[in-house]
Amino acid sequence: MREQMKVLLVAAEAYPFAKVGGLADVAGSLPKPLYDRGVDIRVMIPLYDKIDREKFGIEYCGVDFDIEMGDEVVKGQLLAAKFPDSEIPIYFIECKKYFGRPGIYTDPETGEAYPDDGERFVFFSKAIIEGIHALGWTPDVFHANDYQTGLVPALIKIKYPDAQIGFLYSIHNLAYQGRFEFEILDIIGIGKELAYPMAPFEFFNKVNFMKVGISFADIVNTVSPTYAKEIQTTEEYGYGLEGVLRSVSDRLFGVINGIDSSVWNPESDKNIPYNYNADDLSGKRMCKAALLKEVGLPSDALDIPLIAMISRLADQKGFDILLPVMEDILKDKVMFLLLGTGNKKYEAAFEKLALKYPKKLAAVIDFKGPLAHRIEAGADMFLMPSRYEPCGLNQMYSMAYGTVPVVRKTGGLADTVKPANLEKDTGNGFVFEEYSGKALLGAVRRAVEAFKDGRAWRKLQGRCMSEDFTWGASADKYIELYRQALALRRYGI
Ligand code: ADP
């Protein structure tokens, strides 16, 4: 039997302990399928104040450490628990000075990012190494994520050049790179000689933790194959790191995030009024009637296609091309439902449209988790006209609920949604390529036209519902990347 591979996943957040964004979902969901596949997977995150120690059974491991932070020595402790309902260990780095605060990255009082985030995550990165020492458990592979743990591969490789440890670095959010002034080098304990122009520790006269991560890792990945290519192209996609990413192109991969089928499954979902599956979609029709009633649209209009969106109202999500054609969309026999909050300009525009077209458009300007489930169940189509989309989850949730996605061909949307061909019974959605209102309108109209053929539409729904977007397939890919990182480090291959 092959020896069990030991992997330590380090991140700034992991669900259900601490969550701000998609990183928490990956750090929280990936360990289970890895464990099921025989990986000795463990996770380490900071112990933020808001993490409920009692609820999760988090206990002190008897390990204290002193971390040099420039001229200062800062104390920390190691605590541990298990992921709920599992045997998977999760470790926590405690430090009152850096993590004993109400927010994770942002001060809830001011809404601003904590000004010492650089320092906080230097501490965390150094403490990870101390924690491993104290545990006497050396992983074969470190899986670092996003800028907060970008320094980990560098710190270990510089301190222990002969360590036979592989490093995978995953990019979830390129928009936050951790760019700090050179003073941070003193705190990291790295001499300025490693920050010469174009070096891993230099990025336009600053230190960029994400660049450090990309440069020192053996393998790099992001959350979809298409996005992995796109971020090497232009500044718009690469946020300034496109050149660095191009330089590691032969070891840069994309792995789609999975969806949690215990939460997003129309057969068992407790948030929806009627459960259903691909063999019997009658429950979906009843969900549609209930949803129309709930949001104030005509509940007898069951044969009129309902197009839905659940989204942050941000430029990234395509609202700048959608709004100018919104009234054209509404000229057809359709209904439109939006759930979202964000940019005030978009909130106001949708509220105005809802007043003007009360029988055709409803806008719920709010963040409502359970309603998101009822929309996935009750809608016919789901629109995602994103300008860019690293992975995207809603298109996968939609397909699981037999709601056909209409998407722009970008990032994870391009990897998961394939153009439908109703004659040949292939494809699972409607796709447009050019980032324009005209192209968007064309795709919506193709979907509305296709909806008229009930039989073909049901087959299309069946194809959507038979897709497997659960974590298993993604976990297999992560294991491949771990093996690759390890082989590169140990044998240079
Ligand atoms: P992103 O992470 O860029 O916002 P994704 O499609 O990957 O986009 O994930 C968005 C997640 O947030 C989905 O689970 C979606 O249902 C949820 N969501 C977004 N806006 C809302 C909202 N207003 N109410 C409820 N859930 C929302």
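**Entry 1: Phe469**

I looked up what Phe469 touches in this predicted model, and, once its neighbours within four places in sequence are set aside, I find Phe469 in contact with Gly258, Ile259, Met396, Met399 and Thr416. I then placed Phe469 along the chain, where Phe469 sits in the loop that runs between helix H20 (454-465) and helix H21 (471-491). Is Phe469 buried or exposed? I note a relative accessibility of 14%, and because buried means under 20%, Phe469 counts as buried. I also checked Phe469 against Ser262: the two are 207 residues apart in sequence, while their C-alpha atoms are 12 Å apart in space.

**Entry 2: the two domains**

I turned next to the domain assignment of the protein, which gives domain 1 as 6-258 + 472-491 and domain 2 as 282-466. Taken over C-alpha atoms, the centres of domain 1 and domain 2 are separated by 35 Å. How many residues of each domain are in contact with the other? I record 13 residues on the side of domain 1 and 14 residues on the side of domain 2.

**Entry 3: H12 and H16**

I followed helix H12 (residues 282-295) to where its axis comes within 8 Å of the axis of helix H16 (residues 369-378), and I note that the two axes cross at roughly 125 degrees. That angle makes H12 oblique to H16, and I enter the crossing of the two helices as left-handed. Which residues meet here? From H12 I list Lys284, Cys287, Lys288, Leu291 and Glu294, and from H16 I list Leu371, Arg374, Ile375, Glu376, Ala377 and Gly378. Sorted by class, this contact of H12 with H16 holds five nonpolar, one polar and five charged residues.

**Entry 4: H5 and H6**

I then examined helix H5 (residues 117-135) and helix H6 (residues 152-159), whose axes come within 9 Å and cross at roughly 55 degrees. With that angle H5 is oblique to H6, and I enter the crossing of H5 with H6 as right-handed. On the H5 side of the contact I find Ser125, Lys126, Ile128, Ile129 and Glu130, which meet Val152, Leu155, Ile156 and Lys159 of H6. The residues of this contact divide into five nonpolar, one polar and three charged.

**Entry 5: the helix pairs side by side**

Looking back over the two pairs, I keep the handedness apart in my notes: left-handed for H12 and H16, right-handed for H5 and H6.

Methods:
Residues are numbered from 1 along each chain as its sequence is written. This is a predicted model: local features need pLDDT of at least 70, side-chain atom pairs count only at pLDDT 80 or more; totals for chains, interfaces and linings use all residues. Side-chain values use heavy atoms; hydrogens and water are left out. Axes are lines fitted to C-alpha atoms, for helices over the stretch in contact, and angles run from 0 to 180 degrees between N-to-C directions. Helices (H or I, at least four residues) and strands (E, at least two) are DSSP runs, numbered from the N terminus. Angles under 35 degrees count as roughly parallel, over 145 as roughly antiparallel, 65 to 115 as roughly perpendicular and the rest as oblique. A crossing is left-handed if the near helix is turned anticlockwise from the far one by less than a right angle, and right-handed if clockwise. Contact means heavy atoms within 4.5 Å. Ala, Val, Leu, Ile, Met, Phe, Trp, Tyr, Cys and Pro count as nonpolar, Asp, Glu, Lys and Arg as charged, and the others, Gly among them, as polar. Buried means under 20% relative accessible area, exposed over 50%, partly exposed in between (1.4 Å probe, protein chains only). Domain bounds come from an automatic or database domain assignment.
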